[in-house]
Structures are given as C-alpha cells and as structure tokens.
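User: Hey, can you walk me through this one? I'm new to reading structures.
Analyst: Sure, here it is.
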Amino acid sequence: MPALVNYSGDDDFYFGASFNRKSSTDFGRLCSISSQADVYCPPRKRARISASFLFGETDFEQNKQPSINDLPDECIFEIFKRLPGARERSSCACVSRQWLMLLTGIRKGEYESSKAVNENIDSISDDIETIPSLEDDGYLTRCLEGKKATDVRLAAVAVGTSGRGGLGKLSIRGSNSSCGVTNFGLSSIARGCPSLKSLSLWSVPRVGDEGLYDIAKECHLLEKLDLCQCPSVSNKGLIAIAENCPNLTALSIESCPKIGNEGLQAIGKLCPKLQSISIKDCPLVGDQGVSSLFSSASSVLSKVKLQGLKISDFSLAVIGYYGKSVTSLTLGGLQNVSEKGFWVMGNAQGLQKLISLMITSCCGVTDVSIEAVGKGCVNLKQMCLRSCSFVSDDGLVGFAKSTGSLECLQLEECNRVTQSGIIGLISNCRLKSLTLVKCMGVRDTTMEAPLSSPCNSLKSLSVKNCPGIGTASLAMVGKLCPQLQLIDLSGLYGITDAGLLPLLESCKEGLVKVNLSGCLNLTDEVVSALTRLHGGTLEFLNLDGCRRITDASLASIADNCIFLRDLDVSRCAISDSGVAALSHAEQLNLQVLSFSGCSGVSNKSMPFLKKLGKTLVGLNLQQCNSIGTRTVELLVESLWRCDILF
C-alpha cells in the first residue's frame with residue numbers, strides 16, 4: 001500500500017513510476033524517490049515524511065543545507081544545558097563566538113548533568129561518606145594581563161575551567177584599550193565559576209558595580225578581593241560583596257575614588273572573618289570608615305595597611321584601643337595625624353599582639369610619640385621608619401629602652417639620627433638585624449666617651465648609601481658587634497681597605513653573607529683577608545662595581561672558600577686568568593656566577609666556564625663584549641641545566 005504524507009489541501013498525487021521532473025521546479029524541495037513508493041508532493045512546502053524510504057543513488061541538489069545555526073538562540077541554549085559534561089561544553093565553546101557567549105549565560109548549577117549529580121547525592125544514605133566533586137574545589141589559577149585581558153578570554157576561562165578543578169583565583173592586570181574587560185566578562189566568570197575564592201582587578205576602568213554585584217551574587221566562597229585603580233566601582237559594589245560573601249578574609253583597595261565610608265562600614269558589619277585590610281589613596285575614606293572596621297566586638301583583623309588617607313588622630317586612637325588582634329600595622333602618608341594620634345595609639349595599650357610596625361612619611365612621628373609606641377607595643381619585634389624627619393637620637397634611644405623585644409630595625413631617610421643615636425640603640429636593645437638606608441645625619445666621627453659592652457645579639461648589619469659612614473664608624477661597629485654574620489655595605493664608595501679590615505677581623509662568629517657592591521676603593525687586600533678569615537663560612541659574596549678587584553681576588557676565593565654558592569664580580573678588573581684560577585678550585589661548588597661587564601673575559605674562558613658549569617644554575621655574561629655569540633651558543637648547548645644571560 002502506498003506510503004502517504006498527510007497534508008491537507010489540494011495536493012496532486014504522483015505515482016512513483018511517473019514522477020514529473022519538469023514540474024519539480026515548483027516544489028519547495030526536490031528529493032530522489034524510488035519507484036517503489038507513491039507519495040503526495042505538496043508544492044511550495046517542505047516535505048514532512050513520516051514513512052521510511054529507500055533513497056536512490058542519484059540525489060538531486062538541495063537549495064539549502066539544514067544547519068543548527070538556523071535554530072533560535074533559545075533552543076541552542078536549552079541544548080547546551082543538556083550537554084553531559086565539561087569536555088563537551090568546552091568543545092562547543094570552540095565552535096564560534098556565538099556559542100561561547102551562549103554557554104557563558106548558563107550558570108553551573110543549571111546544567112542537567114549537575115542537577116542529576118545533586119539528586120544522586122541527595123538520594124545517598126546519610127551514613128555513607130560522599131566524595132566532593134573536583135569541579136567545585138577551585139584549584140585553578142588564571143592571570144590575564146594587558147591586551148590579553150578581554151571579555152572573550154574571560155568567557156573562555158569561565159567555560160574551560162569548570163571541568164578541570166574549578167577556578168579558584170583570578171587576576172586581571174590592565175585591560176585592552178579597544179576591547180577590554182567590562183561587566184559582561186566579569187559576569188561570565190560569576191556564572192561559570194562559583195568556586196572563585198580570590199579576585200584581583202588592576203586598572204580595569206570599564207568594570208563597575210554591576211560586574212562586582214554578579215560576583216557577589218554567584219561566588220559566595222570569595223575570600224580575597226583586590227581592587228586597584230577601578231574608578232567605576234563604588235560603595236554599591238562593595239556593599240554587595242559584604243552582603244553576599246561572609247567568608248571574606250582579605251580586602252585591598254587602592255586608588256578607587258568612588259569607594260568611601262559607606263562601603264567600609266558594610267564590610268566591618270557583615271564580614272566577621274576579615275583578617276587583612278589595605279586601603280591606599282582613596283579620598284572618600286575617612287575616620288568613620290576606618291573606625292568601623294575595628295569597632296566590632298568580633299573583629300579579628302590582624303594585618304592593617306592605611307596609606308595616603310585623610311584620617312585623623314581619631315582613627316589611630318580607635319586602632320590603639322580596639323586593635324587587639326593586630327599583628328602587622330603599616331601607616332604611610334597620614335598628613336592629618338599629629339603627634340597626639342601616635343601618642344594615644346601607643347598609650348591605649350590595645351596593640352599588645354603587634355609584632356611588625358612600618359611608618360612612612362608621617363609628620364606626627366616624633367621623639368615623644370615613638371617612645372609611647374615602644375611602651376605600648378610590648379611584643380614588637382620588627383620596626384621600620386621611613387622619611388620620619390622629626391625622629392632624633394633621643395627618641396630612638398628612648399624607644400630602644402622602652403621596648404624589650406625588638407629584633408629588627410630599619411631606618412630610611414631619618415636624617416636627624418646620628419652616629420651617637422645608632423650606638424645608643426645598639427647598646428640598649430637586643431637587636432638581631434639593623435638596616436640604615438640614606439641616613440645623611442650619620443657622620444664618621446670618633447667617639448670620645450668609652451664604648452659600652454658589646455652587643456652579641458646583632459647578626460645582620462646593612463648600611464646602604466650612607467656616605468657619611470667611614471673608617472671610624474666601621475671600627476666602632478666591629479667592636480660593638482663581634483657576632484655579625486651578614487654585612488651589607490653597598491653604595492659606601494668612601495670606605496677603604498683600612499676601614500673595612502678592622503671590621504672583618506672583629507667578626508668572630510664567621511661571616512656568611514657579604515655585599516660590598518659599589519665600594520669603589522676596595523682592593524684585592526680586602527678580599528684576601530675576607531677569604532682567609534671567613535672562607536670556611538662564606539656562602540654569598542657580591543663585589544659588583546669594585547673596579548680595583550682583579551684576578552688575585554678570584555685566586556684567593558679559589559684557595560680558601562669552601563661553601564661559597566653565589567659570587568658576583570660584575571664590572572671588576574677580571575680576565576681569563578681569573579676565570580681559569582676559579583675553575584681549578586676542587587672544593588668550590590658555585591651555583592650562581594656573574595661576570596657582567598667584565599671586558600677582560602673572552603672566548604678563551606669557554607673551557608673554564610664549562611668546568612664551572614657542572615654545578616652552576618645561573619651564569620651572567622651580559623656586556624662581556626670579548627665573548628662572541630658562537631661561544632655563548634656552545635655554552636648553552638653544553639650547560640643545558642644552567643640559565644645563561646648574555
């Protein structure tokens with residue numbers, strides 16, 4: 001019996017044996033039909049065939065090939081929701097930009113496969129321990145920088161990471177000027193990566209509150225948020241984060257002109273787990289916002305950075321009273337905070353757990369206030385003062401006497417501090433590390449008063465770019481600190497062999513790390529004494545820029561140094577003979593070696609460098625103009641384990 005296609009209307013009936021090809025041009029679609037079937041063929045309509053056919057060998061041409069792209073987006077969207085796994089979704093995302101964007105519109109929980117997994121988990125008995133899916137753990141990290149930071153790439157990250165451990169950390173550094181990251185890209189991440197725990201946005205002016213709101217709405221596991229130069233993000237976006245991300249532990253805000261007190265008040269009220277806060281150069285942030293972060297009884301803030309803010313003495317008083325959990329405090333550029341603010345912060349006795357304190361360019365730091373801080377922070381171990389021009393010797397010595405636990409002190413550009421203050425500090429405090437940088441008030445004078453008892457606790461001394469320190473100062477340091485193991489005198493171009501030799505001879509413990517870079521007047525005599533006295537303990541030696549150091553120093557190093565691992569003789573008067581002497585040392589196992597700027601090292605040193613290269617992991621031959629390109633290529637082939645700079 002003939003197979004029929006059920007159409008209504010005035011359709012002509014054609015027998016399979018008498019198909020009229022001439023009239024077929026009136027049909028909506030042509031098809032090859034066997035003589036064994038009789039069908040109705042409607043004109044100007046697509047044939048809907050409900051029976052099985054045996055198609056002939058001669059298919060005639062179709063006007064249009066059917067395509068899935070003919071389907072509306074709503075249908076493709078529903079198809080994508082029913083894909084079985086992440087691998088299939090990633091494959092579909094590679095087909096076209098349209099498909100990629102459709103996939104980013106689907107939340108991870110909306111896939112049918114995810115719903116099935118959840119139903120299966122719910123059906124398992126409570127006494128059976130279930131293993132969590134790797135897709136939800138957030139193991140993966142992605143970083144997009146510059147031109148690579150676009151919405152399309154973010155969409156690809158959202159789709160591609162869902163089945164490979166889940167995205168846990170996302171960093172966006174900069175943005176493409178023409179097609180940079182916008183709210184759409186951030187929304188794609190929010191829908192596809194609910195496991196996100198850390199988000200960092202730097203210099204993304206086109207991302208605003210809408211994108212941050214989507215992150216807050218979907219990524220409830222967010223723990224760390226870093227916003228830098230995001231001019232479109234305001235208090236609304238920060239409030240959304242506070243309301244939806246109760247697990248937030250770290251927040252950093254820098255140069256965000258629309259974020260102010262209202263957003264910080266929401267964070268302080270709704271994020272009880274917040275442990276770290278950093279706010280820099282935000283003009284709308286004042287005392288109300290900062291104080292709200294500490295006033296909560298459940299505050300667990302342990303790390304605080306406040307820089308370039310228009311806060312007053314009130315904020316520092318609140319920190320002094322309520323910062324009971326603070327262990328690290330950084331204050332910088334607080335021009336509206338006076339001496340009273342720092343004095344109250346110290347005398348409030350609330351910073352009992354403070355271990356590290358760094359203060360930069362604060363005019364309120366004076367002798368009186370710094371001594372009060374020392375008395376109030378009884379467990380302070382690390383202190384750094386930068387550009388505090390009102391701190392003098394009296395304040396420094398008073399601070400040293402008031403704090404009994406200080407171990408590390410760094411003074412940078414504190415020009416009222418003199419040699420007397422440094423000696424008083426060392427004598428009254430059990431320091432382990434002392435760093436002086438650009439302290440122009442320290443002059444090389446001979447002390448008339450007798451020196452106090454030695455400070456056996458000081459192990460590390462770093463004096464950088466302090467031109468006033470010379471022979472007399474180093475001699476006094478040597479007598480006061482006989483247990484030094486680390487010496488950094490970089491940039492002291494005025495010291496000579498006569499000034500440094502007494503210091504080397506007084507170090508009884510044995511020097512481990514010595515940095516003499518930029519000490520232009522030192523000669524081979526110092527290196528010879530250094531290797532002879534401390535060759536059994538020395539591990540690091542930097543002689544960069546010591547232009548009077550010659551091959552004789554390398555010979556001394558080869559003869560006396562046993563544990564030396566890192567040697568820098570850049571821009572020294574070194575030649576091939578020195579390299580040869582160094583390579584003949586049987587006990588030497590150098591790992592990092594630098595000859596940068598040594599024009600006396602030539603192609604003749606290649607066999608010696610090969611021998612040294614057996615233990616090297618880093619070799620610097622930059623600006624060695626006497627070494628040819630071919631020699632470097634041979635070294636690269638031979639020393640394949642070593643990173644060679646040329």
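Analyst: One definition before we start: a helix axis here is a line fitted to C-alpha atoms, over the stretch in contact, and angles between axes run from 0 to 180 degrees between N-to-C directions. Also, keep in mind that this is a predicted model.

User: Okay, so how do the axes of α15 and α16 cross?
Analyst: Helix α15 (residues 419-428) and α16 have axes that come within 11 Å and cross at roughly 10°. Angles under 35 degrees count as roughly parallel, so α15 is roughly parallel to α16.

User: Which residues make that contact?
Analyst: From α15 you have Q419, I423 and S427, and from α16 there are S473, M476 and L480. By class, the contact of α15 with α16 has 3 nonpolar, 3 polar and no charged residues.

User: And how do α16 and α17 cross?
Analyst: For helix α16 (residues 471-480) and helix α17 (residues 497-506), the axes come within 8 Å, with a crossing angle of roughly 5°. α16 and α17 are therefore roughly parallel to each other. On the α16 side, T471, L474, V477, G478 and K479 make the contact, and on the α17 side A498, G499, L500, L503 and S506 do. Sorted by class, the contact of α16 with α17 has 5 nonpolar, 4 polar and 1 charged residues.

User: Why do you keep giving both an angle and a distance?
Analyst: Because two packed helices are described by the angle between their axes and the distance between the axes.

User: Makes sense. Switching topic: how many salt bridges are there?
Analyst: The count comes to 7 salt bridges. The general idea is that side chains of opposite charge can pair when their charged atoms come close.

User: What does E371 pair with?
Analyst: E371 forms a salt bridge with K375, and their closest N and O atoms are 4.0 Å apart. Both sit in helix α13 (residues 367-376), and because E371 and K375 are 4 residues apart there, about one helical turn separates them.

User: Why would one turn matter?
Analyst: An α-helix has 3.6 residues a turn, so residues three or four places apart point the same way.

User: Are E371 and K375 buried or exposed?
Analyst: In between, actually. E371 is partly exposed, at a relative accessible area of 30%, and K375 is partly exposed too, at 47%.

User: What about R386, which residue does it meet?
Analyst: R386 meets E412 in a salt bridge, at 2.9 Å from N to O. This pair links distant parts of the chain: R386 is in strand β12 (residues 382-386), E412 is in strand β13 (residues 408-412), and they are 26 residues apart. R386 counts as partly exposed at 25% relative accessibility, whereas E412 is buried at 18%. The cut-off for buried is under 20% relative accessible area.

User: Where does D488 fit in?
Analyst: D488 forms a salt bridge with K464, with the closest N and O atoms 3.7 Å apart. That pair also links distant parts of the chain, with D488 in strand β16 (residues 486-488) and K464 in strand β15 (residues 460-464), 24 residues apart. D488 is buried, with a relative accessible area of 10%, while K464 is partly exposed at 30%. Separately, K381, E407 and K432 are joined into one network by salt bridges that share partners.

User: Let's talk about buried stuff. Which residues of α9 are buried?
Analyst: In helix α9 (residues 261-270), the buried ones are N261, G263, L264, A266, I267 and G268. Their cover includes α8 (235-244), β7 (250-254), β8 (276-280) and α10 (287-294).

User: And in α11?
Analyst: Helix α11 (residues 313-322) has S315, L316, A317, V318, I319 and G320 buried. The buried residues of α11 pack against α10, β9 (303-307), β10 (328-332) and α12 (339-347). So α10 turns up in the surroundings of α9 and of α11.

User: I clicked on S556. Where is it?
Analyst: S556 is in helix α19 (residues 551-560). S556 is buried, with a relative accessible area of 15%. Leaving out residues up to four places away in sequence, S556 touches S528, T531 and C561.

User: Last one: what does the whole chain look like in numbers?
Analyst: The chain has 22 helices and 22 strands. Buried residues make up 50% of its 646 residues. Among contacts with a separation of 6 or more, 80% come from residues 24 or more positions apart. The accessible surface of the chain is about 30900 Å², and 50% of that belongs to carbon and sulfur atoms.

Conventions:
Residues numbered from 1 in each chain as written. Predicted model: local features only at pLDDT ≥ 70, side-chain atom pairs only at ≥ 80, totals over all residues. Heavy atoms only, no water. Helix = DSSP H or I, 4+ residues; strand = E, 2+ residues; numbered from the N terminus. Parallel < 35°, antiparallel > 145°, perpendicular 65-115°, else oblique. Contact = heavy atoms within 4.5 Å. Nonpolar A, V, L, I, M, F, W, Y, C, P; charged D, E, K, R; others polar. Salt bridge = Lys/Arg side-chain N within 4 Å of Asp/Glu carboxyl O. Buried < 20%, exposed > 50% of the residue type's maximum accessible area, 1.4 Å probe, protein only. Areas by Shrake-Rupley, 256 points an atom, 1.4 Å probe, with all protein chains shown as cover.
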